[in-house]
Amino acid sequence: MSVISIILAILVFSLIIIFHEFGHFIVAKANKVGVIEFSLGMGPRIISFASDGNKRHVLFFKSAGYFEEHTEFDERTVYSWKILPFGGSCLMLGEEEDVDDEKSFSKKSVLARMAIIFAGPLFNFILAFVLSLIVIGSIGHDPAVITDVEAGSAAEEGGLKTGDIITGMGSSSIVVNREVSYYTVFNRLDGSKVHFTVDRNGEELGFDIAPKLTKDESGNEKYLFGFYHSAPRQKEGFLSTLKYSAYEVKFWIDTTLKSLWMMVTGRVGADQISGPVGIVKQVGDVVEQSRPEGVTVVTMNLLIFSILITANLGVMNLLPIPALDGGRLLFLIIELIRRKPLPQKVETYFNLGGFAILMALMVFILGNDIMKLF
């Protein structure tokens with residue numbers, strides 16, 4: 001794992017996390033909530049920027065106690081960069097306890113608090129859309145074009161031809177090339193017929209094709225259709241670029257949800273789950289594989305990878321798990337329905353329990369990542 005890969009991975013994480021926390025920050029400010037600290041990273045502070053009302057101060061390696069002792073920073077937001085490059089926070093007044101102050105998070109309406117919490121994941125999706133605009137605006141989108149059909153294969157016998165653009169498989173619409181491969185990941189082929197919809201020279205055609213049990217290049221038996229598909233990028237106009245960029249975000253949200261379902265149902269093993277270390281390695285792989293093709297290709301592949309990660313983070317944060325944004329939203333929804341919050345003790349126990357489980361899962365994933373390196 002090269003130093004360049006680690007630096008690029010940190011930059012990718014930093015961009016995604018800072019944008020997530022900026023969502024909380026900007027909506028909190030819009031609702032006149034006091035933001036105590038806005039930080040990138042975790043652990044001890046390396047550098048902090050703070051105003052005392054008269055001038056801005058640059059402070060190095062200051063603890064939380066320093067700002068508590070210096071009352072001139074009261075009611076001012078401290079901006080910090082912390083030593084561990086993963087994570088970040090937007091610490092708001094009254095976020096963890098009931099504070100009797102009009103700027104307290106706890107004193108705002110339920111809908112205002114829900115908007116502040118939801119803004120983090122929402123900004124992840126906004127970032128994914130912006131990055132998609134850059135990628136698709138630069139190199140276009142990737143329709144699923146059949147580039148070759150094997151002689152005697154199920155695809156040939158079923159009527160598929162080279163040049164067909166696949167627009168549907170089973171009950172799933174196909175817009176981008178990756179969806180063809182992902183269809184076979186999320187839907188096990190067992191020899192049953194699959195309905196294909198294709199665009200052939202502007203004409204929509206339908207075919208019902210049953211995959212054949214075939215030995216692959218490794219000698220393993222698999223059900224295969226026997227065609228190859230690639231992604232010849234096509235650049236479109238402005239409105240089409242907007243449409244395909246929005247679809248790119250939808251694609252990764254759907255993929256994340258389906259992957260989570262595979263984890264829950266046991267179709268994905270622990271050895272297939274990656275955490276920060278695994279993602280750093282994947283960034284390294286992206287860089288090394290793209291490097292011979294030049295800086296532009298490396299940049300585009302990193303942007304595509306960033307779209308995947310930020311959309312994934314947005315979905316994961318919305319899961320109704322204590323200590324995540326989704327868990328906090330769940331409590332606020334309950335409060336909205338009951339017209340009063342749950343007892344603080346109940347929420348505290350749930351959050352502590354959820355945080356403990358989350359930490360245990362992070363340790364497990366980190367260990368899993370390290371084991372895979374060897």
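Good morning. I begin with a single residue, Thr-310, which touches Ile-16, Asn-124, Leu-127 and Ala-128, leaving aside residues up to four places away in sequence. Please bear in mind throughout that this is a predicted model. Thr-310 belongs to helix H8, which covers residues 295–317. Is Thr-310 buried or exposed? Its relative accessibility is 0%, and therefore Thr-310 counts as buried, the cut-off being under 20%.

Let me turn to the helices, and to H3 in particular. Two packed helices are described by the angle between their axes and by the distance between those axes. I shall give both for each pair.

The first pair is H1 with H3. Helix H1 comprises residues 3–30, and its axis comes within 7 Å of the axis of H3, crossing at roughly 140 degrees. Because of that angle, H1 is oblique to H3. The crossing in which H1 passes H3 is right-handed. Which residues of H1 meet H3? They are Leu-15, Ile-16, Phe-19, His-20, Phe-22, Gly-23, His-24, Ile-26, Val-27 and Ala-28. On the H3 side, they meet Ala-115, Ile-116, Ile-117, Ala-119, Gly-120, Pro-121, Phe-123, Asn-124, Ile-126 and Leu-127. By class, the contact of H1 with H3 holds 15 nonpolar residues, five polar and no charged. Some names here will be familiar: Ile-16 in H1, together with Asn-124 and Leu-127 in H3, are among the residues that Thr-310 touches.

The next pair is H3 with H6. Helix H6 spans residues 238–264; the axes of H3 and H6 come within 8 Å and cross at roughly 130 degrees. That angle makes H3 oblique to H6, and the crossing of the two is right-handed. H3 contributes Phe-125, Ala-128, Phe-129, Ser-132, Leu-133, Ile-136 and Gly-137 to the contact. From H6 come Thr-241, Leu-242, Tyr-244, Ser-245, Ala-246, Glu-248, Val-249 and Ile-253. How many residues of each class does the contact of H3 with H6 contain? There are 10 nonpolar, four polar and one charged. Ala-128, listed here on the H3 side, is another residue touched by Thr-310.

The remaining pair is H3 with H9. H3 is made of residues 110–139 and H9 of residues 325–338; they pack at about 160 degrees, with their axes 10 Å apart. H3 is therefore roughly antiparallel to H9. H3 passes H9 in a left-handed crossing. The contact involves Val-110, Leu-111, Arg-113, Met-114, Ile-117, Phe-118 and Pro-121 of H3. Its H9 members are Asp-325, Arg-328, Leu-329, Leu-332, Ile-333, Glu-335 and Leu-336. In this contact of H3 with H9 there are 10 nonpolar residues, no polar and four charged.

I close with the strands, taking E7 as the reference. Why is strand E7 described as largely enclosed by the rest of the structure? E7 runs over residues 194–200, and five of its seven residues are buried, so the description follows. Strand E5, residues 165–169, pairs with E7 in the antiparallel sense over four bridges. Within that region, Ile-165 stands opposite Asp-199 in E7. E7 also pairs in the antiparallel sense with strand E8, residues 203–209, over seven bridges. There, Thr-197 stands opposite Gly-206 in E8. The hairpin of E7 and E8 has two residues between the strands, and in it Asn-201 takes a positive phi near 55 degrees.

Thank you for your attention.

Conventions
Residues are numbered from 1 along each chain as its sequence is written. This is a predicted model: local features need pLDDT of at least 70, side-chain atom pairs count only at pLDDT 80 or more; totals for chains, interfaces and linings use all residues. Side-chain values use heavy atoms; hydrogens and water are left out. Axes are lines fitted to C-alpha atoms, for helices over the stretch in contact, and angles run from 0 to 180 degrees between N-to-C directions. Angles under 35 degrees count as roughly parallel, over 145 as roughly antiparallel, 65 to 115 as roughly perpendicular and the rest as oblique. A crossing is left-handed if the near helix is turned anticlockwise from the far one by less than a right angle, and right-handed if clockwise. Contact means heavy atoms within 4.5 Å. Ala, Val, Leu, Ile, Met, Phe, Trp, Tyr, Cys and Pro count as nonpolar, Asp, Glu, Lys and Arg as charged, and the others, Gly among them, as polar. Buried means under 20% relative accessible area, exposed over 50%, partly exposed in between (1.4 Å probe, protein chains only). Two strands pair if DSSP finds at least two bridges between them.
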